[in-house]
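Visitor: I would like a close look at a single part of this model, the place where two neighbouring strands are joined by a turn. Please set that part in its surroundings as you go.

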Amino acid sequence: MKNILFLTLIGLFHGVGCGYDPSAQNDSAQKLEVDPRAAKMWGTDLAIAQARAKTTGKLVLIDFTGSDWCPPCMALHDNVLTQSEFLDYADKNLELVEIDFPRNKPIDKAVELTNRNLAKKYKVQSFPTIIVMDAVGKILHRDEGYGRKNARAFTADLKTVLGR
């Protein structure tokens, strides 16, 4: 009985640990095309993004992610954060920062430490966590998990919440 309870708890914590929701998978078996701008638009340094935001008047969107192990993170990336509808909006309104916690790909030790400190500072409890802030760091919006929205719906929600 103890073993069953232990295994049940392990399964539960594994799912909760990244905010996993099996229903968050893309309904379509078709893989969406990544907009080629995505690689250039997403940075990994919050300080650089904030400095840019001060000069451009944009907001900063941070994606705290487990890019290579968290199914909802991968779904958000594939279905929203690399899609044209979202990137069109981001190009005019957002500096984009990915704070990654990979398990299966190498990450520089200094970057790993910085990312851990940022997660602690912003009280990140699950992945994915999206935070939108102004250039000086005032948090304007926070969203945890991935609710199966496509890029159009996700972007529409951001426009409503941020008023831009």
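**The E4–E5 hairpin and its setting**

Guide: Strands E4 and E5 run antiparallel and are joined by five bridges. This is a predicted model, and what follows describes that prediction. One pair that can be picked out in the ladder is Thr129 with its bridge partner Glu144 in E5. The two strands form a hairpin with five residues between them, and in the turn Gly137 has a positive phi of about 105 degrees.

Two residues of this connection deserve attention in turn. Ala135 lies in the loop between strand E4, residues 129-133, and strand E5, residues 139-144. With a relative accessible area of 14%, Ala135 falls under the 20% limit and is therefore buried. Once its neighbours within four places in sequence are left aside, Ala135 is in contact with Gln50, Ala53 and Lys54. The C-alpha atom of Ala135 is also separated by 9.4 Å from that of Ala47, although these two residues are 88 residues apart along the chain. Gly137, found in the loop between E4 and E5, has a relative accessible area of 23%, so this glycine counts as partly exposed, between the limits of 20% and 50%. From C-alpha to C-alpha, Gly137 and Val60 are 8.4 Å apart in space, while 77 residues apart in sequence.

Val60 leads to the other side of E4. Strand E2, residues 59-65, pairs with E4 in the antiparallel sense over five bridges, and within this pairing Val60 stands opposite Met133 in E4. The hairpin thus belongs to an open sheet of five strands in the order E1-E3-E2-E4-E5, with mixed pairing. The edge strands of that sheet are E1, residues 42-43, and E5, each of which pairs on one side only.

Helices lie across this sheet as well. Helix H7, residues 151-162, lies across E2, E3, E4 and E5, and runs at about 145 degrees to E5. Helix H5 lies across E1, E2 and strand E3, residues 94-100, running at about 110 degrees to E3. Asn93 is found in H5, which spans residues 84-93. Because its relative accessibility is 13%, under the 20% limit, Asn93 counts as buried. A polar atom of the Asn93 side chain lies 2.9 Å from the backbone oxygen of Tyr89. Not counting residues up to four places away in sequence, Asn93 touches Lys58, Leu59 and Arg164.

To place the hairpin in the whole chain, the secondary structure comes to seven helices and five strands, and read along the sequence these follow the pattern α-α-β-α-β-α-α-β-α-β-β-α. Among contacts between residues at least 6 apart in sequence, 75% join residues at least 24 apart. Buried residues make up 41% of the 164 residues in the chain, and the accessible surface comes to about 9,700 Å², of which 57% belongs to carbon and sulfur atoms. Two buried cysteines can be named too: Cys70 has a relative accessibility of 0%, and Cys73 has one of 3%. The structure holds zero disulfides.

How values were computed: Residues numbered from 1 in each chain as written. Predicted model: local features only at pLDDT ≥ 70, side-chain atom pairs only at ≥ 80, totals over all residues. Heavy atoms only, no water. Helix = DSSP H or I, 4+ residues; strand = E, 2+ residues; numbered from the N terminus. Buried < 20%, exposed > 50% of the residue type's maximum accessible area, 1.4 Å probe, protein only. Contact = heavy atoms within 4.5 Å. Polar contact = N/O pair within 3.5 Å; in protein donor to acceptor, adjacent residues only side chain to side chain. Disulfide = S-S within 2.5 Å. Areas by Shrake-Rupley, 256 points an atom, 1.4 Å probe, with all protein chains shown as cover. Axes fitted to C-alpha atoms, helices over the stretch in contact; angles between N-to-C directions.
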